[in-house]
Amino acid sequence: MEGQLIIFEGIEGGGKSSQLELTEQWLLAGGLGKTFEVITTREPGGTDVGKKLRSLLLNDYYLDLDPRSELLLYAADRAQHVQEVLKPHLAQGKIVLCDRFIDSTTAYQGYGRGLDLKLIHQLNAIAADGLESNLTLWLDVAVETGLERVKQRGKRDRLDLADIAFHQRVREGYVSLAQQFPQRIVRIDANGTTEQVQAQIQRVLFASYCNS
């Protein structure tokens, strides 16, 4: 299982960041029967350029971004991330755990914002430069549950503040993507406890590793 790109996807409140961290710890502790060199990263914000873009996209709560401008900023972040972080580490045979990748753009800007899916596919192809995930873990949570978790967390970004209809469309996007790409997208039921969700992830990774 060398040079593997594993993506954590899903709507807000699915627990991606926490599960990514737990998965890193499990892999580093030899959860797959041997230790691997693992790095973690995220989109947007996995590079110095990306951090500035992330601030525009998520942290400036009331910035009135046109959906097409938003789409292009995400694409710029991805292009930099792929060339500066993802491809070099994968070439070194590392396992890369990444919080969000191309499916987020399709789900959020395509299904959520209503932008043309063909256009998004073209931009993703340019930005990712042919890179695809080896495995995408879709942490699927009920929209109401996810938003309640975000509310309890207390810290919200621009996307968190969108109305519930937007988040429902985003989840529908992930449902569609999972149906289109069953060979790389695996649904994880993220409605349970942190421990239950992590157990599912470990089973999927173990099965993937044994079959690789």
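Me: Two strands count as paired if DSSP finds at least two bridges between them, and the elements are DSSP runs numbered from the N terminus: helices are H or I, at least four residues, and strands are E, at least two. So to start: how many bridges join β1 to β3?

Reply: Quick caveat: this is a predicted model, where local features need pLDDT of at least 70, side-chain atom pairs count only at pLDDT 80 or more, and totals for chains, interfaces and linings use all residues. Residues are numbered from 1 along each chain as its sequence is written, and side-chain values use heavy atoms, with hydrogens and water left out. β1 and β3 run parallel, with Gln4 finding its bridge partner in Ile95 of β3. The bridges joining these two strands number 5.

Me: In what order do the strands sit in the sheet?

Reply: The chain has 8 helices and 5 strands, and the elements run β-α-β-α-α-β-α-α-β-α-α-β-α from the N terminus on. In the sheet, which is open, the 5 strands pair in the parallel sense. At the edges are β2 (38-42) and β5 (185-189), each pairing on one side only. Reading across, the order is β2-β3-β1-β4-β5.

Me: And what does the twist average from one strand to the next?

Reply: Axes here are lines fitted to C-alpha atoms (for helices, over the stretch in contact), and angles run from 0 to 180 degrees between N-to-C directions. From one strand to the next, the average twist is 20°.

Me: Back to the β2 edge: which residue in β3 is the bridge partner of Thr41?

Reply: Strands of a sheet pair through backbone hydrogen bonds, either parallel or antiparallel. Here β2 and β3 (residues 95-99) take the parallel option, over 5 bridges. Ile39 stands opposite Val96, and the partner of Thr41 is Cys98.

Me: Helix α3 packs on the sheet too; which strands does it touch?

Reply: Contact means heavy atoms within 4.5 Å. Helix α3 (residues 67-91) has a direction that makes about 160° with that of β2. It touches β1 (4-9), β2 and β3.

Me: And α7, which strands does that one touch?

Reply: α7 also packs on the sheet, with its direction at about 140° to that of β4. The strands it touches are β1, β4 and β5.

Me: How many residues of β3 are buried?

Reply: Buried means under 20% relative accessible area, exposed means over 50%, and partly exposed is in between (1.4 Å probe, protein chains only). In a regular strand the side chains alternate between the two faces of the sheet. In β3 both faces are covered: Ile95, Leu97 and Asp99 are buried on one side, Val96 and Cys98 on the other. Out of its 5 residues, the buried count is 5.

Me: Let's do the aromatics. A search of the whole structure finds 4 aromatic pairs, so to speak of one: is Tyr108 with Tyr174 stacked or edge-to-face?

Reply: Rings of Phe, Tyr and Trp (its six-membered ring) pair if their centres lie within 6.5 Å; planes under 30 degrees apart count as stacked, over 60 as edge-to-face and the rest as tilted. Tyr108 and Tyr174 are 6.5 Å apart, centre to centre, with 80° between the planes. The pair links helix α4 (residues 102-112) to helix α7 (residues 164-180), 66 residues apart. Its geometry is edge-to-face.

Me: Then what is the angle between the planes of Trp138 and Tyr174?

Reply: This pair is stacked, at 6.3 Å centre to centre. Trp138 lies in strand β4 (residues 135-140) and Tyr174 in α7, so the pair ties together parts 36 residues apart in sequence. Trp138 and Tyr174 are both buried. The angle between the planes is 20°.

Me: Which residues form the aromatic cluster?

Reply: Tyr108 and Tyr174 are buried. The one cluster they belong to consists of Tyr108, Trp138, Phe166 and Tyr174.

Me: Staying in α7, which residues does Leu177 touch, beyond four places away in sequence?

Reply: Leu177 is found in helix α7. With a relative accessible area of 4%, it is buried. Its contacts are Asp103, Thr106, Ala107 and Ile185.

Me: Is Asn124 buried or exposed?

Reply: Asn124 sits in helix α5 (residues 117-128). Leaving aside neighbours within four places in sequence, it is in contact with Arg78, Ile102, Thr105, Thr106 and Asp129. Since its relative accessibility is 8%, Asn124 counts as buried.
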